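Hi,

Here is the structure I promised to pass on to you. Have a look at it first, then read my notes underneath.

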Amino acid sequence: LANTIVAVSGDHGVMPVPEYLQSLGFDAGRIDVKDIKAAVNGALKQRFGDEKWLLEFVNDQFYLDRKLIAERKLNVSDVERAAGEAALTVPGVVEFFTRTQIVEGRMPASDIARRVVNGFSRARSGDVWIVNRPFTFVAEGRLPTTHGSPYNYDTHVPVILFGAGVRPGRYHMECAPTDIAPTLAVLLGIEPPPARVGRVLPAVGSH
């Protein structure tokens with residue numbers, strides 16, 4: 001172990017089970033996926049015509065029928081916004097962001113917006129991304145709880161270092177798993193990865 005360094009982290013946190021939180025007096029709960037789909041489907045049909053505008057809802061994202069939108073010569077940003085505004089009528093939904101907003105760089109300067117942008121993929125993400133109030137999630141199955149929100153209980157993960165060159169202690173500061181690679185590089189005395197985005201953590205002793 002004198003020549004060993006161990007790094008431990010995780011990919012995400014998790015929301016406590018809503019019923020447990022309710023027993024402690026928190027305003028927690030689930031949103032029925034049927035309710036949110038019905039609200040969006042109903043609003044889009046009323047405004048744009050009796051078609052199947054909503055293809056799917058997965059991971060807090062609405063996937064709209066972009067081919068149908070193009071065929072009807074509609075402004076895609078109008079349809080996105082109408083879907084988001086309809087979602088806001090469902091109790092528990094507090095905010096939404098659209099694909100157009102993200103692609104055009106018109107996101108607000110907030111931690112939640114930054115985290116949504118960081119998780120966005122042009123190839124795979126949906127057209128409208130909703131945000132629920134804390135301790136609330138859309139129940140898409142029978143899971144007792146889930147993850148994926150922008151709140152700290154979902155985004156907080158440990159970063160633990162152990163071994164040669166690591167200065168013992170607890171460090172109460174913001175860090176991320178991306179800091180592990182450059183920190184290990186310093187401990188090993190090698191060049192850090194060229195595509196690194198993290199920084200060297202202060203727990204590396206005299207290095």
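**What I found**

Let's begin with F135: its relative accessible area is 22%, so this residue counts as partly exposed. Bear in mind as you read on that the model is a predicted one. F135 sits in the loop that links β6 to β7 (136-139). Its backbone is worth a click too, since F135 is not a glycine and yet has a positive phi of about 65°.

N59 has a similar story to tell. Find the loop between β3 and β4 and you'll find N59 in it. This residue isn't a glycine either, but its phi is positive, at about 50°. Is N59 buried or exposed? Its relative accessibility is 56%, and the cut-off for exposed is over 50%, so N59 counts as exposed.

Now for the inside. The largest nonpolar core has 24 residues, and the ones touching the most other members are I36, V40, L44, F62 and I130. Which elements give two or more residues to this core? On the helix side they are α2 (33-48), α3 (66-71) and α4 (76-87); the strands are β3 (54-58), β4 (61-64), β5 (93-98) and β6 (128-132). There is also a second, separate core, made of 15 residues, with V131, A139, Y151 and Y153 among them.

If you want one core residue to zoom in on, try L44. Leaving aside residues up to four places away in sequence, L44 touches G49, W53, L64, V79, A82 and A83.

On the outside, look for a nonpolar surface patch of about 490 Å². Its makers are L1, V6, V8, I160 and F162. Two strands, β1 (5-8) and β8 (160-163), each supply at least two residues of this patch. V8 belongs to strand β1, and its relative accessible area of 39% is why V8 counts as partly exposed.

Those two strands turn up again at helix α8 (residues 180-188). Which residues of α8 are buried? They are I180, P182, T183, A185 and L187. The cover over these buried residues includes β1 and β8. Just after α8 comes G189, with a positive phi of about 70°.

So, for your first tour: start at the F135 loop, go on to L44 and its contacts, and end at α8 with β1 and β8 as part of its cover.

Cheers

Terms used:
Residues are numbered from 1 along each chain as its sequence is written. This is a predicted model: local features need pLDDT of at least 70, side-chain atom pairs count only at pLDDT 80 or more; totals for chains, interfaces and linings use all residues. Side-chain values use heavy atoms; hydrogens and water are left out. A nonpolar core is a set of buried Ala, Val, Leu, Ile, Met, Phe, Trp, Tyr and Cys residues joined through side-chain atoms within 4.5 Å. Buried means under 20% relative accessible area, exposed over 50%, partly exposed in between (1.4 Å probe, protein chains only). Helices (H or I, at least four residues) and strands (E, at least two) are DSSP runs, numbered from the N terminus. Contact means heavy atoms within 4.5 Å. Patches are made of residues with over 30% relative accessible area and no salt bridge: like charges are joined within 9 Å, nonpolar side chains (Val, Leu, Ile, Met, Phe, Trp, Tyr) within 5 Å. Accessible areas come from the Shrake-Rupley method with a 1.4 Å probe; for residues, only the protein chains shown count as cover. A salt bridge is a side-chain nitrogen of Lys or Arg within 4 Å of a carboxyl oxygen of Asp or Glu.
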